[in-house]
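Here are some comments on the model you sent, set out as numbered points. They begin with the chain as a whole and then turn to one strand and its neighbours.

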Amino acid sequence: MEISDKVAVITGAASGIGLATAKLLAEKGAKVVVADYNNEAGEAAKQEIANSGAEAIFVDADVSKEEDVKKMIRSAVEQFGQVDIIFNNAGIGVQGMTHELSYEDYHKVIAINQDGVFFGSKYAVQEMLKTGGGVIINTASILGSVGEPTAFAYNASKGAVNLMTKSLALQYAKDNIRVNAIAPGYVESGMVNKESLGDYYDGLVAKHPIGRLGRPEEIASAVAFVVENDFVTGTTIMVDGGYTAQ
Ligand code: NAD
């Protein structure tokens, strides 16, 4: 699929992987819907993209709320006429051992990382069925495939994203809708950086055979690849510096 002139909705687009992807798709000629629940950063991201000459809008949406996601897709259609690409990317993590984890914290992770993919896919597919196809990309994680002792809810949510991706791909292949996930290793971002992680940061670096963490742009280029390659569907692409090869 050519990215130029397509309408792309990106959730969690105010920061990190989502922002890098919104910029790359805009650079490739897409009309971009920057969606995030961080109003200020989302507006700034939209402005930065618009300043580069691309068409962009910002929608304030919390992906864990079905009504917000419905509104996000409606805004995309009102502004640009259709939805060709959705990157269900917004996500959070909560650290801690399971015997001390509250249901509220557990469910917050599931609501954003997992329900967010359901809602985004549901309402994007409704539009894609009207226009003859599209591409869905979900952000999974290395932690959708390997366990991490202090990431019970996150592991659960990202494992679900991998299989939701396969289920959606099978359901809608005949409708010309492809669905893939990208599984990043640890990537420098709002969630992961030397400042917020302190000594733990060097330990994370050591887990990546390539000897460094990823960059948001390296995840964005994998998103562009699965959009552009018409034979890729139902898979999770690891972009992880060798983390899961061990
Ligand atoms: P980030 O914190 O830089 O960006 C996440 C963005 O999502 C933020 O702008 C935040 O405001 C937004 N967001 C969070 N909850 C939201 C909600 N309910 N509704 C709308 N927006 C919401 O982090 P990032 O690393 O770019 O994370 C993006 C995705 O990548 C997440 O799904 C994360 O789980 C995944 N991921 C990150 C890493 C990493 O190491 N950074 C590794 C693997 C997977």
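1. This is a predicted model, and among contacts in its chain between residues at least 6 apart in sequence, 72% join residues at least 24 apart. Of the 246 residues, 47% count as buried.

2. On overall dimensions, the radius of gyration of the chain is 17 Å, which agrees with the value near 18 Å that a compact globule of 246 residues would have. Taken along the principal axes, the box filled by the C-alpha atoms is roughly 45 × 40 × 35 Å.

3. The secondary structure comprises 8 helices and 7 strands. Strand β4, residues 85-88, deserves a closer look, since Ile85 and Phe87 point one way from this strand while Ile86 and Asn88 point the other way, and all are buried. Such a pattern can be read against a general rule, namely that in a regular strand the side chains alternate between the two faces of the sheet.

4. Which strands pair with β4, and do they run parallel or antiparallel? Strand β1, residues 7-11, is joined to β4 by 3 bridges, and the two run parallel; within this pairing, alanine 8 stands opposite isoleucine 85. Strand β5, residues 134-139, is joined to β4 by 4 bridges, and these two also run parallel, with isoleucine 137 of β5 as the bridge partner of phenylalanine 87.

5. As for the connection between β4 and β5, the chain crosses from the former to the latter through helix α4, residues 103-131, and this β-α-β crossover is right-handed.

Methods
Residues are numbered from 1 along each chain as its sequence is written. This is a predicted model: local features need pLDDT of at least 70, side-chain atom pairs count only at pLDDT 80 or more; totals for chains, interfaces and linings use all residues. The radius of gyration is taken over C-alpha atoms; the globule rule is 2.2 Å times the number of residues to the power 0.38. A residue is buried if 20 or more other C-beta atoms lie within 10 Å of its own, exposed if 12 or fewer, and partly exposed in between; C-beta atoms are placed from the backbone. Two residues are in contact if their C-beta atoms, placed from the backbone, lie within 7 Å. Two strands pair if DSSP finds at least two bridges between them. A crossover is right-handed if, with the strands pointing away from the viewer, the path from the first strand over the helix to the second runs clockwise.
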